[in-house]
Amino acid sequence: MSDLAARKRAAREAAFARRAAAHRVEGPQAVHLARWLRAHPGLDVAGYMPMRTEIDPLPAMAVAAETARVGVPVIDGPGLPLRFREWRPGCALEPGRFGAQVPVSGDWIEPRIVIVPLVAFDRQGHRLGYGGGFYDRTLARLRALGSVTAVGFAFAAQEAVEIPIEPTDQPLDLIVTETGIVVLG
C-alpha cells in the first residue's frame with residue numbers, strides 16, 4: 001500500500017468515528033443547506049439518499065424541489081461517473097448499488113448544483129470520500145460540460161486539518177454543515 005493510500009485510510013477511519021458521534025446528536029441538520037439552496041432557485045440539484053451515519057440532506061432537497069428538478073445518484077458500474085435520476089419527496093424508491101435508495105423511475109438530469117456526501121473535509125475545499133472515485137469522476141465530467149457548484153455537506157465534526165489528496169481529487173466549491181457555511185481559504 002502506498003503512503004498516500006495509507007494516509008487516506010487512516011484519515012477515513014478517524015473521520016468515520018467523528019461522523020458516527022456527530023450523527024448521534026439530535027437536532028436540525030439541513031437548515032443552512034436549505035437556506036443556501038433557497039438562494040439559488042431554479043437550478044437543477046443533485047442530492048443523495050443518506051446511508052448509515054451520513055448527514056441527512058432530504059429536508060433541503062425537498063426545499064430545492066419546490067423550484068427545480070432534484071436528482072439522486074445512480075451507480076451504473078465501477079469506474080463510471082454517476083448519473084442522477086429525478087427524485088421528488090415521496091417518490092417510489094428501490095435499493096441501488098451499495099444499498100442506497102434510488103427512484104424506481106424518472107428522468108435523468110444534469111445538475112448545476114451537486115450536494116456531495118463525504119467522510120471528511122478541510123478548509124481548502126478538499127474532501128475524503130469512500131475511495132471509489134465516483135464523485136471525482138462525476139464532478140470532472142460535469143465541470144467539462146459547464147458550470148457546476150460542488151457543495152460538500154457534512155457534520156462540523158468531520159472537519160480535518162488537512163486531507164491527503166491526489167491529482168484526480170475534485171475540490172469542493174462550498175462546504176455546509178449543521179452549524180453553518182464553512183469559509184474556505
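Begin the tour of this predicted model by selecting the elements that cover the buried residues of helix α2, which include β1 (45-46), α3 (58-64), β7 (113-116), β10 (149-153), β11 and β12 (180-182). With those displayed, add the helix itself, residues 31-38, and colour His 32, Leu 33, Ala 34, Trp 36 and Leu 37, which are buried in α2.

Two of these helix residues lead on to the next selection. Leu 33 and Leu 37, together with Val 114, Ile 115 and Phe 153, touch the most other members of the largest nonpolar core, a set of 43 residues. Select Phe 153 and show what surrounds it: apart from residues up to four places away in sequence, Phe 153 touches Gln 29, Ala 30, Leu 33, Tyr 48, Ile 55, Asp 56, Pro 57, Ile 115, Val 116, Pro 117, Leu 118 and Val 176. A second core, separate from that one, has six residues, among them Val 119, Ala 120, Leu 128 and Ile 163.

Move next to strand β11, residues 174-177, and pick out Thr 177 there. Is Thr 177 buried or exposed? Thr 177 counts as buried because its relative accessibility is 2%, and the cut-off for burial is under 20%. Show side chains at this point, and a polar contact of 2.9 Å appears between the side chains of Thr 177 and Thr 179. Beyond its neighbours within four places in sequence, Thr 177 is in contact with Gln 29, His 32, Phe 121, Ala 154, Phe 155, Ala 156 and Val 182; of these, His 32 is one of the buried residues of α2 seen at the start.

For a contrast in exposure, go to the loop between β1 and α3, where Arg 52 lies. Arg 52 counts as exposed because its relative accessibility is 60%, the cut-off being over 50%. Its backbone also deserves a look, as Arg 52 has a positive phi of about 50° although it is not a glycine.

Now select helix α4 and find Thr 138 within it. At 0% relative accessibility, Thr 138 counts as buried. Which residues does Thr 138 touch, if those up to four places away in sequence are not counted? They are Pro 81, Leu 82 and Phe 84. A distance drawn between the C-alpha atoms of Thr 138 and Pro 81 gives 4.5 Å, although the two are 57 residues apart in sequence.

Stay in helix α4 and add Leu 142, which counts as buried at 4% relative accessibility. Leu 142 and Pro 81 are 61 residues apart along the chain, and their C-alpha atoms are separated by 9.5 Å. Setting aside neighbours within four places in sequence, Leu 142 is in contact with Phe 84, Glu 110, Pro 111, Val 114 and Val 148. Phe 84 is thus a residue to keep displayed, since it is touched by Thr 138 and is in contact with Leu 142.

The last stop is the largest pocket, which holds about 690 Å³ of space. Of its 34 lining residues, Ile 75, Tyr 130, Gly 132, Phe 134 and Tyr 135 are the closest to the centre. To see where the lining comes from, select α1 (3-23), β2 (70-74), β5 (101-103), β9 (127-128) and α4 (134-145), each of which supplies at least two residues. Colouring the lining of this pocket by class shows 18 nonpolar, seven polar and nine charged residues.

Terms used. Residues numbered from 1 in each chain as written. Predicted model: local features only at pLDDT ≥ 70, side-chain atom pairs only at ≥ 80, totals over all residues. Heavy atoms only, no water. 1 Å grid on protein atoms, 1.4 Å probe; cavity = no way out; pocket = protein on both sides within 12 Å on 5 of 7 lines; lining within 4 Å. Points joined across faces, edges and corners; volume = space filled by probe spheres on them. Helix = DSSP H or I, 4+ residues; strand = E, 2+ residues; numbered from the N terminus. Nonpolar A, V, L, I, M, F, W, Y, C, P; charged D, E, K, R; others polar. Buried < 20%, exposed > 50% of the residue type's maximum accessible area, 1.4 Å probe, protein only. Polar contact = N/O pair within 3.5 Å; in protein donor to acceptor, adjacent residues only side chain to side chain. Contact = heavy atoms within 4.5 Å. Core = buried A, V, L, I, M, F, W, Y, C linked by side-chain atoms within 4.5 Å.
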